[in-house]
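Colleague: I am new to reading models. Could you walk me through one?

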Amino acid sequence: MDYTVITAMENPEQKRMHDEITHQIWPEFILHDPISNQNWRNLYTTFAEYQISILIDGEVAGFANSIPFCWCESLENLPEEGWDWALLKGFEDKSNNKKPNILCGLQIAINRNYQEHRLSYSIVAEMKSIAYNNGFKYFVVPVRPNLKSKYPLIPIEDYIKWENSDGYPFDPWLRVHVKLGARVTKICHEAMYIPGKIGDWEKWTGMKMPGSGNYVVDGALVPVRVDIIKDIAEYSEPNIWVSYYLR
Ligand SMILES: CC(C)(COP(=O)(O)OP(=O)(O)OC[C@H]1O[C@@H](n2cnc3c(N)ncnc32)[C@H](O)[C@@H]1OP(=O)(O)O)[C@@H](O)C(=O)NCCC(=O)NCCS
């Protein structure tokens, strides 16, 4: 498919279009990560050059968000708090004038009308070349293994070992990265933490949560833990750090 790539630097209006797509493709609860909600807007102003759109006939067919940060330890030591941590670390490094050496992917989203046309491969490849052209040593991603939502009771350690008959990962999204040359680095068990009152979670999921326990929720990779006495429901999403060595 022929497409053009633009950044939010070239057209700040992109954010509004990205937000529209985000609301269409993600389960509601994902939109309530407190760290994301505090920082997302600033991503488009502070790091506009790393927020890209793929345009087909003038329409946003897909987009990607990323943030640079500085990491001098081994990639094996990247934190358990994956996605939430990366977002905070990028802003922290920026305000401390720390020179980043890594670009970190935060989201890749394909407009529903353009899904299943192999566009995800192109977007990841575009992000990799942006990382390379900006002098970064690595492009890393805390990958959300999207098909795990169908297997919420399987431990993530087992799930990421599942393979298809060709030896590639069973999970489609992890597979895209592996096919493009990423190394599966480690699991980050608490990549995204979304706490809320039980009423909030009931609203986000359209489910009643009348007693304490673990709930299987549509779109969630692991169960949501509910504590009636404390009036809290918590979701801690596991992701998988993958890394591309660029130079
Ligand atoms: C995940 C996402 C980016 C994939 O993009 P896509 O356009 O739907 O998928 P592609 O056509 O590029 O295919 C990528 C791989 O997924 C597989 N795939 C696509 N749709 C699938 C489905 N519904 N079920 C199982 N596998 C699927 C494809 O077969 C392909 O794997 P292969 O090349 O080994 O055959 C897209 O579905 C999306 O935006 N989802 C919501 C947001 C999200 O989960 N983003 C990723 C985490 S940030």
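Modeller: Start at the ligand: 19 residues surround it, each with a heavy atom within 4 Å. The closest are Arg 118, Ser 120, Tyr 121, Arg 175 and Lys 179. This is a predicted model, where local features need pLDDT of at least 70, side-chain atom pairs count only at pLDDT 80 or more, and totals for chains, interfaces and linings use all residues. Residues are numbered from 1 along each chain as its sequence is written, and side-chain values use heavy atoms, leaving out hydrogens and water.

Colleague: Which helix gives the largest share of the shell around the ligand?

Modeller: Helices (H or I, at least four residues) and strands (E, at least two) are DSSP runs, numbered from the N terminus. H6 gives the largest share, five residues. S4, helix H4 (119-133) and helix H6 (172-179) each supply at least two.

Colleague: Which residue has a polar backbone atom 2.8 Å from an oxygen atom of the ligand?

Modeller: A polar contact pairs N or O atoms within 3.5 Å. Here the residue is Arg 118. For His 117, a backbone N or O atom lies 3.2 Å from a ligand oxygen.

Colleague: Which residues of H1 are buried?

Modeller: Buried means under 20% relative accessible area, with a 1.4 Å probe and protein chains only. In H1 they are Gln 14, Lys 15, His 18, Ile 21 and Thr 22. They cover an arc of only 125° around the axis, so they sit on the same side of H1. That arc uses directions from the helix axis to the C-beta atoms.

Colleague: Is Asp 93 buried or exposed?

Modeller: Asp 93 counts as buried because its relative accessibility is 2%. Asp 93 belongs to helix H3 (residues 82-95).

Key:
Buried < 20%, exposed > 50% of the residue type's maximum accessible area, 1.4 Å probe, protein only. Polar contact = N/O pair within 3.5 Å; in protein donor to acceptor, adjacent residues only side chain to side chain.
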